[in-house]
Amino acid sequence: MSRQAIFAQPGATEWTELAPGNRRRVLIHTPELMQVEFGFEQGAVGALHSHPHVQVSYVAEGRFEVTIGGKTEVVEQGGSFIVPSGIEHGVVALTDGRLIDVFTPMRQDFL
């Protein structure tokens, strides 16, 4: 096995501010897979965008208005959603909240 991290402890990585009320931190990754935590203040926006990675997201806290490929739905704590490769998507935080996103392959642009 390579010397890649196979465990990640709380607080081991730093937050990156993305926009007002919106931040992220990479929790752990391999070349094939990446887990990222996003923190949102109420009203913060994850602007519509797309990327070639497949993404699955888990709502760890809060409620989000999620738009994927032009379809919008409210997803709350405990819910999940999948974003296929190349599909435009974004979120609006209806409350303070956190998303745990997993990408395959990893997002080199997040490092």
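This report describes the fold of one protein chain and then some of its residues.

**Overall fold**

The model is predicted. The protein chain holds 0 helices and 10 strands. Read along the sequence, its pattern is β-β-β-β-β-β-β-β-β-β. The C-alpha atoms fill a box of roughly 40 × 30 × 25 Å along the principal axes. The radius of gyration is 14 Å. A compact globule of 111 residues would have a value near 13 Å, so the chain agrees with that expectation. Buried residues account for 35% of the 111 residues. Contacts often reach far along the sequence: among those between residues at least 6 apart, 60% join residues at least 24 apart.

The UniProt record, an unreviewed entry, lists residues 38-101 as "domain: Cupin type-2". In the model, that span is 0% helix and 66% strand. Its end C-alpha atoms lie 8 Å apart.

**Strands and their pairing**

One open sheet has 4 strands. Their order is β4-β9-β6-β7, and the pairing is antiparallel. The edges are β4 (45-49) and β7 (71-76), each of which pairs on one side only. On average, neighbouring strands of this sheet are turned by 20° against each other, direction ignored.

Inside this sheet, β4 and β9 (residues 89-93) run antiparallel and are joined by 3 bridges. Valine 45 has valine 92 in β9 as its bridge partner.

Another antiparallel pair is β5 (residues 54-61) with β8, over 4 bridges. Here valine 56 has isoleucine 82 in β8 as its bridge partner. Strand β8 covers residues 80-83 and has two faces. Phe81 and Val83 form the covered face. Ser80 and Ile82 form the uncovered one. The bridge partner of valine 56 in β8, isoleucine 82, thus belongs to the uncovered face.

**Two buried residues**

Arginine 25 lies in strand β2 (residues 22-29). Is arginine 25 buried or exposed? Its relative accessibility is 15%, under the 20% limit, so arginine 25 counts as buried. Beyond residues up to four places away in sequence, arginine 25 touches Gly11, Thr13, Glu14, Trp15, Val36 and Glu37. With glutamate 37 there is also a polar contact between the side chains, at 2.8 Å.

Threonine 67 sits in strand β6 (residues 63-68). Threonine 67 has a relative accessible area of 18%, so it too is under the 20% limit and buried. Which residues does threonine 67 touch, not counting those up to four places away in sequence? They are Leu48, Thr72, Glu88, His89 and Gly90. The side chains of threonine 67 and threonine 72 make a polar contact of 2.7 Å. Glutamate 88 is 21 residues from threonine 67 in sequence. In space, the C-alpha atoms of threonine 67 and glutamate 88 are 8.1 Å apart.

The two side-chain polar contacts are listed here.

| Side chains joined | Polar contact |
|---|---|
| Arginine 25 and glutamate 37 | 2.8 Å |
| Threonine 67 and threonine 72 | 2.7 Å |

**A cis peptide bond**

Threonine 104 and proline 105 are joined by a cis peptide bond. Its omega is about -10°. Proline 105 is placed in the segment after β10 (97-104).

How values were computed
Residues numbered from 1 in each chain as written. Predicted model: local features only at pLDDT ≥ 70, side-chain atom pairs only at ≥ 80, totals over all residues. Heavy atoms only, no water. Pairing = 2+ DSSP bridges. Axes fitted to C-alpha atoms, helices over the stretch in contact; angles between N-to-C directions. UniProt positions renumbered as here; feature names shortened; annotations may be inferred. Buried < 20%, exposed > 50% of the residue type's maximum accessible area, 1.4 Å probe, protein only. Polar contact = N/O pair within 3.5 Å; in protein donor to acceptor, adjacent residues only side chain to side chain. Contact = heavy atoms within 4.5 Å. Rg over C-alpha atoms; globule rule 2.2 N^0.38 Å.
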